[in-house]
Amino acid sequence: MINEEALKAILLALAERSDDDVERAITNSDALDDDDRKLIRTALDSADTAAGMARALGDAVRAAGNIDYLSNECYRAAFYLGDGIADVREDPLFGFFSSKRTGRILDKWIHYFPVYSEHFSRFRGRPVRILEIGVYRGGSLDMWRWYFGPDAVIVGADIDERAREVAAPDHVVEIGDQTDPEFLRSLSEKYGPFDIVIDDGGHEMQQQIVTAETLFPLIADGGVLLTEDCHTSYWEGYQGGRGRAGTFIEWCKERADDVNGYHQDRPIDRTWTDTLASVAFYDSIVVLKKQQRFAPFAEQVGHAEFLLLPRLSAQYVTELAARRDAAVAERDELRRQQALDRQTIAELTARANATAAEQVRGVARSAADRLGKLRRG
Ligand SMILES: C[S@@+](CC[C@H](N)C(=O)[O-])C[C@H]1O[C@@H](n2cnc3c(N)ncnc32)[C@H](O)[C@@H]1O
């Protein structure tokens with residue numbers, strides 16, 4: 001059977017990039033039988049990098065139904081051998097996490113860090129109000145303090161009394177049950193409205209749903225509710241299962257319908273349609289973003305020809321056509337005026353020319369008369 005010791009030897013040999021050591025680890029392990037060896041070799045042959053091999057091994061171990069811990073170790077090796085580390089190396093929270101070798105325990109899925117950064121970076125260094133449900137040993141409260149800075153109000157909540165004792169003295173920790181709406185409301189009244197709520201509590205369906213239903217309406221405008229470890233929605237032991245009614249993920253899918261509430265033949269839900277800006281699904285995390293939304297509407301701009309589309313209301317088209325007709329009439333009137341003006345100018349010019357000619361003729365006549373008199377006289 002593939003066990004921890006056998007796997008460790010193979011992963012170490014992979015990390016050293018030694019094909020001979022990998023083969024020796026497979027051959028020499030007493031724990032492995034021929035079927036195990038075949039499964040491992042097939043997995044390793046399917047990839048051509050050490051990271052790819054570790055990942056393929058993890059897939060094979062997982063498919064064989066071995067305990068999650070073993071595939072987790074394969075995927076962890078794959079990550080550090082190059083299959084992912086480049087994606088998070090620059091992430092500040094991953095930097096904090098990976099450099100932490102002492103102090104309060106912090107246990108995280110690595111792919112959470114970029115999700116935190118994506119949604120939390122805009123709050124960094126600001127006087128934000130943060131609630132984390134699920135304190136455990138206080139390691140994440142330390143991380144949030146480091147990340148958000150001294151101006152942030154950070155509150156932890158846990159059902160376990162010990163959370164208060166183990167958290168750092170400068171952390172506020174309240175004891176209560178996240179399935180108790182009154183407890184959650186009291187936290188918001190005392191320390192809120194929160195800009196960020198992180199649900200890392202019990203991860204059971206009702207815990208996550210009650211927390212979201214109670215706290216989302218109380219979150220500050222522009223804030224977020226981040227629920228982690230939502231993979232429990234797929235786990236038997238948490239009443240989970242793909243598509244199973246009553247799971248937190250199914251509840252979140254309904255919220256996706258609410259975001260699109262204006263496009264359905266039903267009354268608008270003032271909380272879930274008017275203030276839920278987005279539902280973002282990640283592996284094991286769902287982020288609900290709160291933002292007071294204006295009612296959605298479509299508008300078109302551009303050349304008037306584009307406005308003659310079927311979806312425009314007849315009234316709107318009529319209005320535009322009327323304006324166009326008025327503009328055309330005005331233009332025609334101007335042209336008529338111009339034509340009249342041209343005619344008037346021509347008449348005046350002709351009249352002036354005639355007058356000038358008459359005057360010239362008069363002058364010529366009087367000059368001729370005077371000349372005749374002079375000759376006769
Ligand atoms: C996963 S741990 C929290 C880990 C911590 N956030 C960290 O990253 O270091 C979960 C915590 O949730 C607490 N918890 C479990 N059920 C709870 C409930 N119904 N209400 C509040 N907290 C609960 C547990 O006592 C435990 O300390």
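## Helix H1 and the ligand shell

On the side of H1 opposite its buried face lie the exposed residues Glu4 and Glu5, exposed meaning that 12 or fewer other C-beta atoms, placed from the backbone, lie within 10 Å of a residue's own, against 20 or more for buried and partly exposed in between. The model is predicted: local features need pLDDT of at least 70 and side-chain atom pairs count only at pLDDT 80 or more, while totals for chains, interfaces and linings use all residues. Residues are numbered from 1 along each chain as its sequence is written.

Helix H1 covers residues 4-15 and reaches 16 Å from its first C-alpha to its last. The buried residues of H1 are Ala6, Leu7, Ile10, Leu11 and Leu14. They line one face of the helix, because seen down the axis of H1 they fall within an arc of 125°. The buried residues of H1 pack against the four helices tabulated here.

| Helix | Residues |
|---|---|
| H2 | 19-28 |
| H3 | 34-45 |
| H4 | 50-63 |
| H5 | 68-80 |

Just after H1, arginine 17 has a positive phi of about 55°.

The protein chain is divided into domain 1 (4-83), domain 2 (90-290) and domain 3 (304-376). The centres of domain 1 and domain 3, taken over C-alpha atoms, are separated by 95 Å.

Around the ligand there are 21 residues, of which Gly134, Tyr136, Ser140, Gln178 and Gly202 come nearest. Strand E1 (129-133), helix H9 (139-148) and strand E2 (153-158) each give two or more residues to this shell. The shell divides into seven nonpolar, eight polar and six charged residues.

Conventions:
A residue is near a molecule or strand if its C-beta atom, placed from the backbone, lies within 6 Å of it. Ala, Val, Leu, Ile, Met, Phe, Trp, Tyr, Cys and Pro count as nonpolar, Asp, Glu, Lys and Arg as charged, and the others, Gly among them, as polar. Domain bounds come from an automatic or database domain assignment. The expected span of a helix is 1.5 Å times one less than its number of residues. The arc is that of the directions from the helix axis to the C-beta atoms. Two residues are in contact if their C-beta atoms, placed from the backbone, lie within 7 Å.
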